[in-house]
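Hello,

Here is the structure I said I would pass on. My notes on it follow below.

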Amino acid sequence: MEHNFKINKDRLYFRVINISPYFLIFLLASIYITLFIFSYPAIKQFGLSFITSSKWDPVFNKFGSLAFIYSTIVTSILSLIISLPFSISLAIYLGFYKKEGKIAEFLKTVIELLAGMPSVIYGFWGLFVFVPLMRNLEIKLGVLPYGVGIVSASIILAIMIIPYTTIISREVISLVPNDLIEASYSLGATKYETIKNVVFPYSLSGIFAGVLLSFGRAIGETMAVTMLIGNANSIPQSLFGPGNTMASVIANEFTEATGDIHLSSLFLIGLLLLIITSIFNLLGRVVINKFKIEG
Amino acid sequence: MRILFFLLLSFLNLIYAHADEVTLIGAGATFPYPLYSKMFQEYYSIKKVKVNYQAIGSGGGIRQLINKTVDFGASDAFISDENLKKYGNNILHIPICIGAVVLSYNLHGNPAIKLTPEIISNIFLGKIKKWNNPAIATINPDIKLPDQQIVVIHRSDGSGTTFIFTDYLSKVSEEWAKKFGKGKSINWPIGLGAKGNPGVAGLIKQIPGSIGYIELVYALHNNMSYAQVKNKNENYITPSIQSVSYAANIELPEDSRVSLTNTDAEQGYPISGFTWILTYNDLSNLNRNKAQELVNLFWWMTHEGQKLAAPLEYAPLSPKAQSIAEQIIKKIKYNNEILWNTISK
Amino acid sequence: MALIKKIIKDKLFQTIIFLFSVLTIVPLFFILFYIIKKGFSVINLNFLFSITTSTGHDTIFRAIIGSLFIIILASLIAIPPGIITGIYLSENKKNKLASIIRLLTEILQGLPSIVIGILAYLWFVKPIKTFSALSGAISLSIIMLPIIVRSTEETLNLIPISLKEASLALGVPYYKTMIKVILPAGISGISSGILLSIARIAGETAPLLFTAFGNPYLSFNILKPTETLPLLIFNYATSPYEKWHQIAWGASFVLIVIVFILNILARLGSRKWKVKF
């Protein structure tokens, strides 16, 4: 009797676990379908020109999103490049060198606070503290002293996304089995060599997951970017110039867009964001699968 | 134990004490937000009716009204004839006050600058690039204008303020009307965008040599300089409550949907506009109590509430505008009953 | 010679790592310092806990309650499916459905919060014609989901299979092994993930603009609009009033403190259950 009862519970367990993926599929499907339905008018009207044209005109109802696609990709990649040395270093420091101790606890708390900082606060701090500094730099360099622009937005974005990579990478790095590390030492390897040859490959998939998390955040970040990027709906002439990202233009214009084609175009930008993210993640998945080591 | 009981009781009391208070929900324009905030505050202390107003933008206000997720909307841009018909010809525009859109700038020494419609258009078209351009210098002979690049600042979000400003530009510049037109969001040829009036004000304050358009209230609260603008009658007008009120001293249509820019009024400030509360003319789909409270609110805002406008630098309705507002409010009905007849005084 | 080169490389690397780590936390201190400087003077018991003021809007207590309500609601909605899906993924490393789910999770992560907000509006606000704290919580839970799923999966992956095998060998049924042995072993990673997702949504503004909507008054009703700290901060900081700016900074300070407390709680909680191996 007891035997059967336990098997039933197991059966329930497996049923629940195995149904869960379909919930996620349902969610994503609903998202794709909803976005598609609402962007259809824009797709029908503009077709491919929506991606190739950078003209965004709500008065004459001509919409093209090239400028936004460009700025989104530039700021995301730039912020990722800027943030990686810092986040990986901190992850290695906390996950390998100083796993325990007061300093470690303190730094972990600090990083988690950074993660929890609301984006509007990053935006304001960026605007009131960082942008004036950038402006002084621009005056020295002889460019227009906007202060806001692609570079400013990218740097603040970089600060925002550091915690995501750090926290996850630190976790996986610290979970590398001690016996593997000891084994490496016993073979005469230095800490550096151990990290390079043992820890890193082992935790690479987890680190990459953290990097993807950061990248996702960077692409979709709205509030801080919209305060710092200058909101010019055109392709930026230089990195110091203003631009606008896809998420930012949606935030700016969605509540006001009463014209049907305008609204539909904004939905189409949302759909494109989804597609771009999907492509990047597909590529990422291929990379992870190549490096994954079983535990 | 007793403390817990007491806490629970006061907790429940909190929730239920407010249970029979009516809350009205509205959304829309950011421009009048400081005024509406004060009005609704005052209204609550007098009438104990709560109003939850969120400044999500004029277009947002219109959309939420159409989706019926709010009880009333607010907008600086009136709904076009075409759209009015599309939505069912049942939305009323109640004028509440008048605002001025000023040209604010950041120049060393804060000089008082005069501008003409041609200069303003050309700056925003990108044709006049420097402050010491002869056109600007000629009409400002007493001011030493710097050899400095003009940085244009505009709105990044859709806005009624933009609508009023571009409406003005379209009237005074054929090139602007043809290439860029008027709207809550437009395809700006040059410049930086910032979110909301405060965003534009913030950028102007920070960037030397910048110029942008913001509502008068924000310029005053931030101690910013703003330009005198030449109006249709060739007078240089300083934006103020007075000059804005003058702008509205023209023939007004019955439904109050009119643009005040480039006004014919002799001493009127040329970049002014009404801001409206939008509501359905038939509130039968709400419960009667709420419908009545809405009409009470609208009447109060256009009468007793008007005295809150001037201290906050908003121009109150002229007597002509107020009587038009009254006529419009008297049209609101509930199941064929005119709600104004049962208004609480 | 080779030995000295090795040692130099090692020390150099360590120094670089240390340097970059220190630099990483410098911006945080700048920001914290900035907020503390601007917000601290505004804080007093009255500011935090009195319910109404004489000036119309209720105090930020309404935003604190609103934020807490929405965070708790969103967590209740997101954590169970998140952990369950994470378990599924780590239990099914190779099958095709799992790969698809992993991809979908990552895609969900990249979706901007504002798009999620718009979708939540279309699905949960427009049809019932009212803004609500609940719809706000739903939009936030969608943001939380991928983070919880991924960190659960990654954590469970790194637990040695020997632990599971030992438990099963002792006759413990599968479901009990998972729930009482494996999950607790991974509690630190899982709770890090949950905390990360809560930290992420605690500061979100964009998706709440068209769902929770905001409210100048205190509300305990999850089917009605509510204010949250980030919404309040954004609205007040962009107003023309100096007094409201100060309130915004005070609220920012409070928000940071709340996240900090959540942080400590999660850390203490996981320490209680952590199994070392």
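**Interface of chains C and B**

Between chain C and chain B, about 2,300 Å² of area is buried, and carbon and sulfur atoms give 66% of that. Please keep in mind that this is a predicted model. On the side of chain C that touches chain B, the elements giving two or more residues are α5 (113-125) and α10 (229-237) of chain C. That side of chain C is made up of 14 nonpolar, nine polar and two charged residues. In terms of residues in contact, chain C contributes 25 and chain B contributes 26.

As for specific interactions, the rule finds zero salt bridges across the interface of chain C and chain B. Polar contacts are found there: four residue pairs, with both residues at pLDDT 80 or more.

**Domains of chain B**

The domain assignment splits chain B into domain 1 (2-99 + 273-342) and domain 2 (100-252 + 260-271). The C-alpha centres of these two domains of chain B are 30 Å apart. Their contact involves 22 residues of domain 1 and 23 residues of domain 2.

The area buried between domain 1 and domain 2 of chain B comes to about 1,900 Å², with 69% from carbon and sulfur atoms. Within domain 1 of chain B, the residues that lose the most area to domain 2 are Phe31(B), Glu313(B) and Lys320(B), which together account for 24% of what that side buries.

Between domain 1 and domain 2 of chain B the count of salt bridges is zero. The number of residue pairs in polar contact across this domain interface, with both at pLDDT 80 or more, is also zero. The side of domain 1 of chain B that touches domain 2 takes two or more residues from each of α3 (58-66), β4 (91-105), β12 (272-280) and α13 (319-329) of chain B. By residue class, that side of domain 1 has 13 nonpolar, six polar and three charged residues.

**One residue in chain A**

Thr165(A) sits in helix α6 (residues 150-174) of chain A. Is Thr165(A) buried or exposed? Its relative accessible area is 0%, and the cut-off for buried is under 20%, so Thr165(A) counts as buried. Apart from neighbours within four places in sequence, the residues in contact with Thr165(A) are Leu84(A), Ser87(A), Ile88(A), Gly210(A), Val211(A) and Ser214(A).

Regards

Conventions:
Residues numbered from 1 in each chain as written. Chains lettered and ligands numbered in written order. Predicted model: local features only at pLDDT ≥ 70, side-chain atom pairs only at ≥ 80, totals over all residues. Heavy atoms only, no water. Helix = DSSP H or I, 4+ residues; strand = E, 2+ residues; numbered from the N terminus. Buried < 20%, exposed > 50% of the residue type's maximum accessible area, 1.4 Å probe, protein only. Contact = heavy atoms within 4.5 Å. Buried area = accessible area lost by both parts, 1.4 Å probe. Salt bridge = Lys/Arg side-chain N within 4 Å of Asp/Glu carboxyl O. Polar contact = N/O pair within 3.5 Å; in protein donor to acceptor, adjacent residues only side chain to side chain. Nonpolar A, V, L, I, M, F, W, Y, C, P; charged D, E, K, R; others polar. Domains from an automatic or database assignment.
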